[in-house]
Amino acid sequence: MTMKLPPLQKGAPQCELTVLNAGFYKASLHMLKKGFPKKKIWGPALFFLIKHPKQGYFLFDTGYSTRFLDATHAFPYRILRLATPVQISKKENAVEQLRDMNIHPSEVQIILSHMHVDHVGGIHDFPTSRIIVSQKEWEFTRRSSLRLFKNFYIKELFDRIDPANLQLIDFHGKASYGPFPNAVDLFQDGSMILVPLPGHAVGQMGLLVNGLMGKRYFLIADSVYVRENFRENLGGSKISKFAHYNNEQYTSLFPLLRKIEEDNLDVVLLPSHDPEIYRRFVENK
Ligand SMILES: [Zn+2]
């Protein structure tokens, strides 16, 4: 069965995509995929700037921020940075990188793939921005700080989001898109299409972006660590499984992602923590 994505209508707006990074986590390569050497690396926490010709600027996630370091200074949250050391400086915060590009935080709307610390870290630097997140993920994060912490969420990093700025995405009953039974075409123009990618987090979303010059990008967040995970249908080391909400659901997406890559040569799949993507796509190193 082919997994060819539906063709876009002629004249669908094309978005400019810039791959950025905010902070690094220390891990063993072996953790990202079984069979990789047990070599320590500083892995990236990518986020993405999208410029839609009519709708303006969007961020897909924010990466880490120095707020993570503040929030994990004391126990119990300190356990997080003891388990996974993080490096980030103020000038690497998403908001500062945008400022260097002359983009003011109020000009940006934010799509959150999910609400783990390395994706939502900078959200409080965008107090007036519209925030687009799946309803499932948002509802999950309404539980207590301590219960959330067990699943790698730090409530303090997002508890000041103004509910008036929220746009919750409910995929239930939405039309299908290619292999996805439900999807949300944000502007009904094919330029930015949200799809559910649950497993790593309960309400994780991916985003299909219609890029320039006939390229399409599929931002798949933490559906894999590295693209070799779906290409070889092989996940990370045993310990990496604890990072996922539902490991079975997580690995069940690998064949789908592989087929999407194989059957759509114009689509580039971009996970958020892949060192190769950082090397090849991030210009502002
Ligand atoms: Zn992540």
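**Figure 1. Glu232 and its salt bridge to Lys33 in the predicted model.** Glu232 is partly exposed, at 41% relative accessibility. The model shown here and in every later view is a predicted one. The side chain of Glu232 meets that of Lys33 in a salt bridge, with 2.5 Å from N to O. The two residues sit in distant parts of the chain, 199 residues apart. Lys33 belongs to the loop between helix H1 (29-32) and strand E2 (40-52). Glu232 belongs to the loop between helix H8 (227-231) and helix H9 (247-252). Lys33 is buried, with a relative accessible area of 6%. The bridge therefore pairs a buried lysine with a partly exposed glutamate. The structure holds 8 salt bridges.

**Figure 2. A salt bridge within helix H4.** Arg99 and Glu96 join through their side chains, with an N to O distance of 3.2 Å. Both residues lie in helix H4 (residues 94-100). They are 3 residues apart, so about one helical turn separates them. Arg99 is partly exposed, with a relative accessible area of 43%. Glu96 is partly exposed too, at 28%.

**Figure 3. Helices H8 and H10 joined by Glu261 and Arg231.** The side chains of Glu261 and Arg231 form a salt bridge of 2.8 Å, N to O. Glu261 is in helix H10 (residues 254-263) and Arg231 is in helix H8, so the contact ties together parts 30 residues apart in sequence. Glu261 is buried, at 17% relative accessible area. The cut-off for buried is under 20%. Arg231 is partly exposed, at 34%. Elsewhere, salt bridges that share partners connect Arg227, Glu276 and Arg280 in one network.

**Figure 4. Asp162 in its loop.** Asp162 is found between helix H7 (145-149) and strand E7 (166-169), in the loop that links them. Its relative accessibility is 38%, so Asp162 counts as partly exposed. Lys34 serves as a reference point for distance. The C-alpha atoms of Asp162 and Lys34 are separated by 41 Å. Along the chain, Asp162 and Lys34 are 128 residues apart.

**Figure 5. The zinc site.** Asp118 and Asp222 each offer an OD atom to the zinc ion, while His119 and His273 each offer NE2. These protein donors lie 2.0 to 2.1 Å from the ion. The 4 donor atoms subtend angles of 82 to 160 degrees, so the arrangement is irregular. A tetrahedral site would need all angles between 85 and 135 degrees. In sequence, the donor residues follow the spacing D-H-x102-D-x50-H. Asp118 lies in helix H5 (residues 117-120). His273 lies in the loop between strand E12 (267-271) and helix H11 (275-281). The pair therefore ties together parts that are 155 residues apart in sequence. Asp118 is buried, with a relative accessible area of 11%. His273 is buried as well, at 4%.

**Figure 6. The largest pocket.** This pocket holds about 750 Å³ of space. Its lining has 29 residues. Met31, Ala83, Thr84, Phe152 and Ala243 are the lining residues nearest the centre. Strand E1 (16-28), helix H3 (78-83) and helix H5 are the elements that give two or more residues to the lining. Strand E1 gives the most, with 4 residues. Helix H5 also carries Asp118 of the zinc site. By class, the lining has 17 nonpolar residues, 7 polar and 5 charged.

**Figure 7. The second largest pocket.** The volume of this pocket is about 400 Å³. Its lining is made by 20 residues. Those nearest the centre are Lys136, Phe171, His172, Pro196 and Pro198. Helix H6 (residues 135-140) gives the most to the lining, with 3 residues. The lining divides into 10 nonpolar, 7 polar and 3 charged residues.

Note on methods
Residues numbered from 1 in each chain as written. Predicted model: local features only at pLDDT ≥ 70, side-chain atom pairs only at ≥ 80, totals over all residues. Heavy atoms only, no water. Salt bridge = Lys/Arg side-chain N within 4 Å of Asp/Glu carboxyl O. Buried < 20%, exposed > 50% of the residue type's maximum accessible area, 1.4 Å probe, protein only. Donors = N, O, S within 2.8 Å, 3.2 Å for Na, K, Ca; no water. Tetrahedral: all angles 85-135°; square planar, octahedral: opposite > 155°, others 65-115°. 1 Å grid on protein atoms, 1.4 Å probe; cavity = no way out; pocket = protein on both sides within 12 Å on 5 of 7 lines; lining within 4 Å. Points joined across faces, edges and corners; volume = space filled by probe spheres on them. Nonpolar A, V, L, I, M, F, W, Y, C, P; charged D, E, K, R; others polar.
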